[in-house]
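Open the model in your viewer and keep the selection panel at hand. The tour below goes stop by stop.

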Amino acid sequence: MQTNKTGPAGARDSILSLRGISKSYGGVKALENVSLDIAPGEVVALVGDNGAGKSTLVKIMSGAIRPDEGDYFFEGEKVAIRSPSDATELGIQTVYQDLALCNNLDAVQNLFLGREPVGPMLLGQRIRRAECDVRAREVLRRLRLDHISITRPVGAMSGGQRQNIAIARSILWNPKIVLLDEPTAALSHSAAEKVGELIRGLADQGLGVLVISHDIHNFVVTVTDRIEVLRLGRNAGSYRVGEVSGEQIVNAMVGGNEAVNAAR
Ligand SMILES: Nc1ncnc2c1ncn2[C@@H]1O[C@H](COP(=O)(O)OP(=O)(O)OP(=O)(O)O)[C@@H](O)[C@H]1O
Ligand SMILES: [Mg+2]
């Protein structure tokens, strides 16, 4: 991975900063000159209408796709993220909307999926289940999710529990940044509230969290600290929660009130 020590302007205390990110798909400009900062201990909401470019931006941060233009800074250093493993190595974990859980496996197997600690070659590299159980219990306790069964297939669990397991999996390797793409989209109000508490807890433990959400009036204004609006692939507003109404945010998303955008 290439690094270059020149932090971006205006990044303050952020761990992860993007500057001037653009990405096109054929003739479609998914992102144009987008900048974003995530600081430790903060939950940033990334909001915008359908097609605004939110998932594309998360995929760029997680190394799933590469931008056409723009700079990526991590802890003040310019970095070249060429693959998801580059991002993972820096301490960036992503929870995608489909969760990528295996329904027939239990919570422990899902937490360690593809990253299982194995025994020595001589013993046939058997997966060390007892060690996984201990680590899984530790992580679930840290997240106050001890009530979740570690032996039931996750396919038999509720949407909220499955979301919690996907989040637990993301923090198993002690990341500095967690990115979540619509973690509450398919959840009931009470399950979404619990996931919100979990996300808040990650930030309270010092992680930088970015969360995509369409639920402005409940989730965004109660769980997050700062709101970044994308509209048609561009930055369209940056607000501190508490200094803006849900209606103003929605206006920035759809471009219904130019005065709000101009007031940035
Ligand atoms: N792989 C792709 N190929 C072609 N176009 C794409 C691709 N991925 C995204 N796009 C286009 O880029 C734009 C931004 O899409 P993106 O998925 O980032 O939006 P979004 O803000 O996440 O929307 P939603 O709220 O619906 O999830 C859209 O116009 C979309 O059609
Ligand atoms: Mg999306």
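Is Cys-132 buried or exposed? Select Cys-132: at 3% relative accessibility, this cysteine counts as buried. Now select Cys-102, which counts as partly exposed at 27%. The cut-off for buried is under 20% relative accessible area. Do not look for a sulfur bridge anywhere, as a search of the whole structure finds zero disulfides.

**Overview**

Zoom out. This is a predicted model. The protein has 264 residues, of which 50% count as buried. Colour by secondary structure to pick out nine helices and 11 strands. Among contacts between residues at least 6 apart in sequence, 65% join residues at least 24 apart.

**The cores**

Select Val-47, Ile-199 and Val-229. In the largest nonpolar core, which has 51 residues, these three touch the most other members. Next, highlight helix H6, residues 189-204, which gives the most to this core, with seven residues. Then centre on Val-229. Beyond its neighbours within four places in sequence, Val-229 is in contact with residues including Val-47, Tyr-239, Ile-249, Ala-252 and Met-253. The contacts of Val-229 also include Arg-234 and Asn-235. Move on to Leu-18, Ile-21, Leu-31 and Tyr-72, which are among the 28 residues of a second, separate core.

**Strand S8**

Select residues 177-181, strand S8. Start at Ile-177, in that strand. Ile-177 is buried, with a relative accessible area of 0%. Draw a distance from its C-alpha atom to that of Gly-208: the two are separated by 4.7 Å, although these positions lie 31 residues apart along the chain count. Leaving aside neighbours within four places in sequence, the contacts of Ile-177 include Ile-15, Leu-16, Ile-38, Phe-74 and Gly-208.

Go to Asp-181, also in S8. What is the nearest side chain of opposite charge to Asp-181? Lys-59 is, at 6.4 Å, and the buried Asp-181 has no salt bridge. Show Ser-55 instead: its side chain makes a polar contact of 2.8 Å with the side chain of Asp-181. Other contacts of Asp-181 outside its sequence neighbourhood include Val-95, Tyr-96, Gln-97 and Ile-212.

**Asp-37 and its partners**

Select Asp-37 in strand S3, residues 28-38. Asp-37 counts as buried at 15% relative accessibility. Show its side-chain polar contacts: one of 2.6 Å with Ser-17, another of 3.1 Å with Arg-19. Arg-19 and Asp-37 also form a salt bridge, with closest N and O atoms 3.1 Å apart. The pair links distant parts of the chain, Arg-19 being in strand S2 (residues 16-25) and Asp-37 in S3, 18 residues apart. Arg-19 is buried too, with a relative accessible area of 18%.

**Arg-226 and the salt bridges**

The whole structure holds 10 salt bridges. For two of them, select Arg-226. The side chains of Arg-226 and Glu-42 meet at 2.8 Å, N to O. Arg-226 lies in strand S10 (residues 226-231) and Glu-42 in the loop between S3 and strand S4 (43-47), so the pair ties together parts 184 residues apart in sequence. Add Glu-228: Arg-226 forms a salt bridge with Glu-228 as well, the closest N and O atoms being 2.5 Å apart. Each of the three is buried: Arg-226 at 9%, Glu-42 at 9% and Glu-228 at 7%.

For the last stop, select Lys-29, Glu-32 and Arg-234. Salt bridges that share partners join these residues into one network.

How values were computed
Residues numbered from 1 in each chain as written. Chains lettered and ligands numbered in written order. Predicted model: local features only at pLDDT ≥ 70, side-chain atom pairs only at ≥ 80, totals over all residues. Heavy atoms only, no water. Core = buried A, V, L, I, M, F, W, Y, C linked by side-chain atoms within 4.5 Å. Buried < 20%, exposed > 50% of the residue type's maximum accessible area, 1.4 Å probe, protein only. Helix = DSSP H or I, 4+ residues; strand = E, 2+ residues; numbered from the N terminus. Contact = heavy atoms within 4.5 Å. Lys, Arg positive; Asp, Glu negative; His and termini not counted. Salt bridge = Lys/Arg side-chain N within 4 Å of Asp/Glu carboxyl O. Polar contact = N/O pair within 3.5 Å; in protein donor to acceptor, adjacent residues only side chain to side chain. Disulfide = S-S within 2.5 Å.
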